[in-house]
Structures are given as structure tokens and as C-alpha cells.
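Biologist: I should like to learn how the features of a protein model are read, one after another. Could we go through them together?

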Amino acid sequence: MNACELVMLGTGNALVTRCYNTCFVMQTPGARLLVDAGGGNGVLRQLELAGITPDSLSALYLTHAHTDHVLGAVWVVRAIAQRMCAGQHGGTFHVYGHDCVLHVLDTICRLTLPAKVTSCIGERILFHEVKDGDCVHIGDVELLCFDIRSNKEKQFGFRATLPDSRMLVCLGDEPYNEACRAHVEGADWLLCEAFCLYRDRDTFKPYEKHHSTALDAGRLAGLLGVKNLLLYHTEDTDLPHRKTLYTAEAAQAFSGCVFVPDDLERVEVS
Ligand SMILES: [Zn+2]
């Protein structure tokens with residue numbers, strides 16, 4: 001395997017119906033980290049289609065407690081806990097997030113899952129609270145967790161240092177805040193939301209929803225001197241042409257490589 005591969009389980013925004021909500025698996029020789037889990041049981045289908053068993057995940061990182069990111073985590077916890085209860089999963093599973101998102105996940109799990117399943121939480125499914133600026137190690141990946149300074153819902157992105165020393169930054173699902181520059185500038189890879197095309201801004205109204213466009217993301221990538229830009233968390237009205245259109249628009253303002261993956265696409269981080 002290459003030093004790192006992203007398996008995009010979902011690439012859409014909260015209300016998409018033609019693809020899954022944005023979440024992905026970041027896998028290296030020594031780690032398989034799920035980042036967010038989308039809005040529900042569909043995460044299990046996406047994992048299955050990607051050939052990834054929940055058992056094989058090392059950890060889950062949650063950015064924030066909105067429905068399209070956290071509810072799928074309830075299903076991941078359930079699937080793993082049931083395997084643990086049945087003696088089919090011999091290890092532990094680690095969930096990383098800030099205090100608010102862990103509280104939400106814990107509460108929903110306790111309200112909606114069987115007691116046998118929730119008994120694994122705290123025993124073999126371990127929640128780890130991270131604070132702004134904390135570094136955690138997941139296998140051979142170092143994650144620096146940082147507050148993206150959302151004005152809607154507390155949200156943490158991360159800067160991953162990969163086994164080959166490349167830096168990959170995930171900004172979650174909201175626009176970049178200048179306060180985060182030190183964590184993002186010069187990254188090899190930037191994962192950034194693009195709600196829609198700039199040319200379609202009057203239709204989708206990204207700015208009212210505190211989101212950005214492919215053109216904005218391209219400008220940002222250029223300003224921050226990143227090498228590769230990956231766009232996700234988009235609308236889903238024209239998925240067959242999304243890759244071409246979004247790539248072209250971001251490239252108007254950015255001379256590096258632009259990736260606009262489809263659901264289940266694998267992106268080699270090189
Ligand atoms: Zn979202």
C-alpha cells in the first residue's frame with residue numbers, strides 16, 4: 001500500500017439523496033481511521049461497498065455533532081459493539097472528538113442502542129476527548145486536532161502527519177478561518193468543502209449557509225500555498241458532471257492538483 005490512501009465513503013452535503021454524506025477512511029500501513037460517518041445506517045453500506053469491515057477500523061474521528069456527520073457513528077458503534085459482544089472482535093475501538101460531539105454521540109447511543117451494546121462504551125469502545133491543539137497518535141499517523149472556529153457548531157478539523165511526512169489537512173465542512181493559518185499553510189493536501197459552483201451561487205446560496213464554492217476553495221488553496229486540493233461536501237444535482245465542472249472552476253484560481261472524488265473513489269495521497 002502507498003503511504004496513505006483516502007477512501008471516500010461519501011462526498012455530499014447534509015441534504016443529498018444521490019450520494020452519501022461526506023465521510024472517508026484514511027488508511028496507511030499502520031492505521032485505518034474513519035473520519036465522520038455520515039447521517040445514518042448508509043455508512044455500513046458504504047463501508048461494505050468499499051470492502052472495509054467495521055472491525056478493521058482502528059479509530060473514528062468526529063469533526064462535529066451535526067446530523068450528517070455524527071448519526072452514522074451510532075451505527076458504526078453498534079456494528080462494532082455487536083461484534084465485540086459476539087466474541088468476533090477482540091480489540092478496542094477508539095473514538096476521538098471534542099467534548100460536545102462525544103457527549104452527543106454518547107447520549108444518542110445510550111438512548112437508542114440496547115444496553116448490551118452500550119456496555120462496551122467505556123470498556124472496549126473508548127471515547128477520547130481532544131482539545132484545541134492536541135496531538136494524538138493513531139497507528140503511524142499523528143493528528144493535530146484544531147478548532148476551525150465555526151460560528152455555527154463547535155467543530156474540529158485536523159492536520160495529519162503521514163508516515164512519509166506529508167501533511168494532510170481536513171477543514172471539516174465549513175470555510176477556512178484565518179485564525180487557523182499556522183495549521184493549514186503549506187500543507188501537501190487540503191480537504192475543503194465546496195457547497196456548489198460559484199456560478200451557481202444564486203441557486204444554492206452557499207454564503208447564507210456559511211459554506212463556500214469551488215472557486216473560493218481554489219483561491220484559498222492558492223493563498224495558502226497547498227499542493228493538492230480535494231473538494232467535498234457538495235450539492236448533488238449533477239453528479240455525472242461534478243468532477244469536471246468543480247475541477248475546472250477551482251483550477252481557475254489554483255495551479256496545483258484538484259481532486260473532486262465521487263463516492264467510493266480511492267485517492268492516493270502522494
Ligand atoms: Zn456537513
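**Reading the model: metal site, sheets, helices and loops**

Modeller: Let us begin with the metal site, bearing in mind that this is a predicted model. In sequence, the donor residues of the zinc ion follow the spacing D-H-x103-D-x59-H.

Biologist: Which protein atoms are the donors of the zinc ion, and how far from it do they lie?

Modeller: The donors are Asp-68 through OD, His-69 through NE2, Asp-173 through OD and His-233 through NE2, at 2.1 to 2.2 Å from the zinc ion. Asp-68 and His-69 are both buried.

Biologist: Why is the arrangement of the 4 donor atoms around the zinc ion classed as it is?

Modeller: In general, the ideal angle for four tetrahedral donors is 109.5 degrees. To count as tetrahedral, four donors need all angles between 85 and 135 degrees. Here the 4 donor atoms subtend angles of 89 to 165°, and therefore the arrangement is irregular.

Biologist: Let us turn to the sheets. How should I read the pairing of strands?

Modeller: As a general idea, strands of a sheet pair through backbone hydrogen bonds, in either a parallel or an antiparallel sense. One open sheet of this model has 7 strands in the order E6-E5-E4-E3-E2-E1-E14, with mixed pairing. Its edge strands are E6 (125-129) and E14 (266-268), each of which pairs on one side only. From one strand to the next, the twist averages 20°.

Biologist: Which helix packs on this sheet, and which strands does it touch?

Modeller: Helix H2 (residues 67-85) packs on the sheet and touches E3, E4, strand E5 (93-97) and E6. The direction of H2 makes about 140° with that of E6.

Biologist: How is strand E2 joined to E3?

Modeller: Strand E2 (residues 23-28) and E3 run antiparallel and are joined by 5 bridges. The connection is a hairpin through 2 residues. Thr-28 has Ala-31 as its bridge partner in E3, and Val-25 has Leu-34.

Biologist: In which sense do E3 and strand E4 run, parallel or antiparallel?

Modeller: E3 and strand E4 (residues 59-61) run parallel, with 3 bridges between them. One pair of partners is Leu-34 with Leu-60 in E4. Between these strands the chain passes from E3 through helix H1 (residues 42-49) to E4, a β-α-β crossover that is right-handed.

Biologist: Why is strand E3 described as largely enclosed?

Modeller: A residue counts as buried at under 20% relative accessible area. Of the 5 residues of strand E3 (residues 31-35), 4 are buried, so the strand is largely enclosed by the rest of the structure.

Biologist: What is the strand order of the sheet that contains E7?

Modeller: That open sheet also has 7 strands, in the order E7-E8-E9-E10-E11-E12-E13, and its pairing is mixed. Strand E7 (135-138) and strand E13 (257-259) stand at the edges with a single partner strand each, so one side of each has no neighbour in the sheet. The twist averages 20° from one strand to the next. Within this sheet, strand E9 (residues 156-161) and strand E10 (residues 167-170) pair in the antiparallel sense over 4 bridges. Thr-161 is the bridge partner of Met-167 in E10.

Biologist: Where does helix H7 pack?

Modeller: Helix H7 (residues 214-224) packs on the sheet, touching strand E11 (189-193) and strand E12 (228-232), and its direction makes about 155° with that of E12. H7 is largely enclosed by the rest of the structure because 8 of its 11 residues are buried. Among them are Leu-215, Leu-220 and Leu-224. The buried residues of H7 pack against helix H5 (181-184), E11, E12 and H8. Just after H7, Gly-225 has a positive phi of about 65°.

Biologist: Which residue other than glycine has a positive phi near 60°?

Modeller: Asp-36 has that phi value, and it is found in the loop between E3 and H1. With a relative accessible area of 4%, Asp-36 is buried. Lys-205 also has a positive phi, near 50°. Lys-205 is in the loop between helix H6 (201-204) and H7, and at a relative accessible area of 35% Lys-205 is partly exposed.

Biologist: Is Pro-240 buried or exposed?

Modeller: Pro-240 counts as exposed because its relative accessibility is 70%. Pro-240 is found in helix H8 (residues 239-251). Pro-240 and Asp-262, 22 residues apart in sequence, are 9.1 Å apart in space from C-alpha to C-alpha.

Technical notes: Residues are numbered from 1 along each chain as its sequence is written. This is a predicted model: local features need pLDDT of at least 70, side-chain atom pairs count only at pLDDT 80 or more; totals for chains, interfaces and linings use all residues. Side-chain values use heavy atoms; hydrogens and water are left out. Donors are N, O and S atoms within 2.8 Å of the metal (3.2 Å for Na, K and Ca); water is not among the atoms, so sites may look incomplete. Four donors count as tetrahedral if all angles lie between 85 and 135 degrees; four count as square planar and six as octahedral if opposite donors are over 155 degrees apart and all others between 65 and 115; anything else is irregular. Buried means under 20% relative accessible area, exposed over 50%, partly exposed in between (1.4 Å probe, protein chains only). Two strands pair if DSSP finds at least two bridges between them. A crossover is right-handed if, with the strands pointing away from the viewer, the path from the first strand over the helix to the second runs clockwise. Axes are lines fitted to C-alpha atoms, for helices over the stretch in contact, and angles run from 0 to 180 degrees between N-to-C directions. Contact means heavy atoms within 4.5 Å.
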